[in-house]
Amino acid sequence: MSGLNKGVGKVEVALKWDPSPAGSPAHDLDLVAAVYPADAPYGPPAHLVHFDSRSPDGTITLHRDSRTGQGFGYDEAMTVELDRIAARYARVVVGVAIQQGGGRLTFGQVARTGVRVREGYTDLLEDTLGSVADATAATIAEFVRDGAEDGGEGHGDGGDGSGEWLFRPLLRGFDIDPSTFGTVMGARQT
């Protein structure tokens, strides 16, 4: 990133899937965002945003929440206004969790899953979650304030320490319930 580049400002994260077969329990997938403080970017999240919530400062909002996957195109959408997030926060991790009310369900058992991260009209990421087919939850992306930390995982983002937000794909599956996922989704990879 050169000094003339702008970082990522405002993104939409969207999720889609097909409804469960007739007579089966509904497939309920949820977008989740975790915000981490600059002094502990891999520690516990300062706050989580998921269904029925938004960030305390209004910078992360879930606009659509589907409990069945019945819709046209993307069924859930979350807006993340990175350019408005306070300087005390340095990292945002976004993921997807499957509600497990009808028994253990993995991404591979849900038809036509898909996620998209978009800034304006530019797609930063599109994925079918096929690489995490055996998982019940998955991270999909992280946004890190340039210069706040090095990512700790050898990302080599080429940042210039400007404080602008950088986007990184972060497809990592978990075999975990949604409540626990929120507490570990931003942990450092080992």
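This note goes through the strands, cores and selected residues of a predicted model, point by point.

1. The main sheet. Five strands form an open sheet in the order E3-E2-E6-E9-E10, with antiparallel pairing. At its edges stand E3 (47-49) and E10 (165-174), and because each of these has a single partner strand, one side of each is left without a neighbour in the sheet. From one strand to the next, the twist averages 20°.

2. Inside that sheet. Strand E2, which covers residues 29-37, and strand E6, which covers residues 89-98, are paired in the antiparallel sense over nine bridges. A reader who wishes to find the register of this pairing may begin with Tyr36, which stands opposite Arg91 in E6. As a general point to keep in mind when looking along such strands, the side chains of a regular strand alternate between the two faces of the sheet.

3. The hairpin of E7 and E8. Strand E7 (residues 114-119) runs antiparallel to strand E8 (residues 122-127), and five bridges join the two. Val115 can serve as a landmark here, since its position is opposite Asp127 in E8. Two residues lie between the strands of this hairpin, and Gly120 takes a positive phi near 60°.

4. Two further residues with positive phi. Most residues other than glycine have a negative phi. Arg112, although not a glycine, has a positive phi of about 55°, and its place is in the loop between E6 and E7. Leu129 is likewise not a glycine and has a positive phi of about 65°; this residue is located in the loop between E8 and E9. Are these two loop residues buried or exposed? Arg112 has a relative accessible area of 63% and is therefore exposed, the cut-off for that being over 50%. Leu129, at 1% relative accessibility, falls under the 20% limit and so counts as buried.

5. The largest nonpolar core. This core has 36 residues, and the members that touch the most other members are Val92, Phe107, Ile140 and Phe143. At least two residues of the core are supplied by each of E1, E2, E4 (60-64), E5, E6, E7, E9 (137-145) and E10. E6 gives the largest share, which is five residues. The surroundings of Phe107 can be followed in some detail: leaving aside neighbours within four places in sequence, Phe107 is in contact with residues including Leu29, Val96, Ile98, Thr113, Leu129, Val132 and Ala138. Leu129, the buried loop residue with a positive phi discussed above, is thus one of the contacts of Phe107.

6. The second core. Separate from the one just described, there is a core of 11 residues, among them Val32, Ala97, Ala137 and Phe181.

7. Val11 in strand E1. Val11 is found in strand E1, which spans residues 10-16, and it is buried, with a relative accessible area of 2%. What does Val11 touch, if residues up to four places away in sequence are not counted? The residues it touches are Met78, Thr79, Val80, Val117, Arg118, Glu119, Leu124 and Phe143. Of Val11 and Thr79 it can be added that they are 68 residues apart in sequence, while their C-alpha atoms are 5.8 Å apart in space.

8. A buried glutamate. Glu76 lies in strand E5, made up of residues 76-81. With a relative accessible area of 0%, Glu76 is buried. A polar atom of the side chain of Glu76 lies 3.2 Å from the backbone nitrogen of Leu31, which is within the 3.5 Å used for a polar contact.

9. The aromatic pairs. A pair of aromatic rings is described by the distance of the centres and the angle of the planes. The count of such pairs comes to two. In one of them, the rings of Phe143 and Phe167 have centres 5.6 Å apart and planes at 45°, so the pair is tilted. This pair links distant parts of the chain, with Phe143 in strand E9 and Phe167 in strand E10, 24 residues apart. Phe143 counts as buried at 0% relative accessibility. The other pair is that of Phe174 and Phe181, whose ring centres are 5.3 Å apart; the planes stand at 65°, so this pair is edge-to-face. Phe174 is buried, with a relative accessible area of 15%, and Phe181 is also buried, with a value of 0%.

Methods:
Residues are numbered from 1 along each chain as its sequence is written. This is a predicted model: local features need pLDDT of at least 70, side-chain atom pairs count only at pLDDT 80 or more; totals for chains, interfaces and linings use all residues. Side-chain values use heavy atoms; hydrogens and water are left out. Two strands pair if DSSP finds at least two bridges between them. Helices (H or I, at least four residues) and strands (E, at least two) are DSSP runs, numbered from the N terminus. Buried means under 20% relative accessible area, exposed over 50%, partly exposed in between (1.4 Å probe, protein chains only). A polar contact is a pair of N or O atoms within 3.5 Å; within protein, one must be able to donate a hydrogen and the other to accept it, and residues adjacent in sequence count only if both atoms are side-chain atoms. Axes are lines fitted to C-alpha atoms, for helices over the stretch in contact, and angles run from 0 to 180 degrees between N-to-C directions. Contact means heavy atoms within 4.5 Å. A nonpolar core is a set of buried Ala, Val, Leu, Ile, Met, Phe, Trp, Tyr and Cys residues joined through side-chain atoms within 4.5 Å. Rings of Phe, Tyr and Trp (its six-membered ring) pair if their centres lie within 6.5 Å; planes under 30 degrees apart count as stacked, over 60 as edge-to-face and the rest as tilted.
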